[in-house]
Amino acid sequence: MSASERDQFSPDTWLQVAEVSGAAAVSAKTIPEERRTELLERLVVEIAQEVFANSLRAEKLSEACDALAALINGDESEGKAVRVRGHMQFARNKHEESVALYERAIELFRSAGAQVEEARTMSSGLQSLIYLGRYRQAEEWSERARQVFE
């Protein structure tokens, strides 16, 4: 992939298109089908980097992530979008909401057979579980994630 192709489908470029058109869902349809999964992956990474640094940008990227996941139409893609929303809720100190989203993402990853993504989600949810005093569940998630990562 050339640099210009990479720039054309960068999260920043796509976010600008989404803002101009007024809707991430509309602009998501302009992304070629064969590039959607790649862009979704890039958005997931970008959101994780922005969730505490620039919450407004992370929120916009999250909407774009949702729109792409809906077009890709698979449990693993949907799980990634749901997990991102869990990250957003965690950053807002809404731990009940974040755990509920992480649990949903885990179900989706399990359904897709994506064990590593399931384990990543469990690892991400540990702090929220601890804040809520759900230590047994945190231990279970920690152990499950450790087994997968090993």
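In this predicted model, Q89 makes contact with K94, E97, S98 and L101 once its neighbours within four places in sequence are left aside. Q89 belongs to helix α6, and its relative accessibility is 16%, so it counts as buried, the limit being under 20%. One of these partners, S98, turns up again in the packing of α7 on α8, described below.

A second buried position is found in helix α5, which covers residues 55–72 and includes S62. With a relative accessibility of 2%, S62 counts as buried. Residues up to four places away in sequence are again set aside here; S62 then touches I47, V84, R85 and M88. A48 offers a contrast in accessibility: at 45% it counts as partly exposed, because values between 20% and 50% fall in that class. A48 sits in helix α4, residues 33–50. Its C-alpha atom is 8.0 Å from that of A58, a residue 10 places away along the chain.

Helix α8 can be followed in some detail. It is built from 17 residues, 115–131, and spans 25 Å from first C-alpha to last, close to the 24 Å expected at 1.5 Å a residue. The helix has a kink of about 35°, and the centre of this kink is G125. G125 is also one of the buried residues of α8, along with E117, E118, A119, T121, M122, L126, S128 and L129. An α-helix has 3.6 residues a turn, so residues three or four places apart point the same way. The packing partners of the buried α8 residues are α6 (75–91), α7 (95–112) and α9 (135–149). Just beyond the end of α8, G133 adopts a positive phi of about 75°.

Of these partners, α7 is worth a closer look. The axes of α7 and α8 lie 9 Å apart, and the two helices pack at an angle of about 160°. Since angles over 145 degrees count as roughly antiparallel, α7 is roughly antiparallel to α8. The crossing of α7 past α8 is left-handed. On the α7 side, the contact is made by H95, S98, V99, Y102, A105, I106, F109 and R110. On the α8 side, E117, E118, T121, M122, S124, G125, S128, L129 and Y131 take part. G125 thus has three roles in this description: it is the centre of the α8 kink, it is buried, and it belongs to the contact with α7.

Definitions and conventions
Residues numbered from 1 in each chain as written. Predicted model: local features only at pLDDT ≥ 70, side-chain atom pairs only at ≥ 80, totals over all residues. Heavy atoms only, no water. Helix = DSSP H or I, 4+ residues; strand = E, 2+ residues; numbered from the N terminus. Expected span 1.5 Å × (residues − 1). Bend = angle between axes of the 7 residues up to and from the residue. Buried < 20%, exposed > 50% of the residue type's maximum accessible area, 1.4 Å probe, protein only. Contact = heavy atoms within 4.5 Å. Axes fitted to C-alpha atoms, helices over the stretch in contact; angles between N-to-C directions. Parallel < 35°, antiparallel > 145°, perpendicular 65-115°, else oblique. Left-handed = near helix turned anticlockwise from the far one by under 90°.
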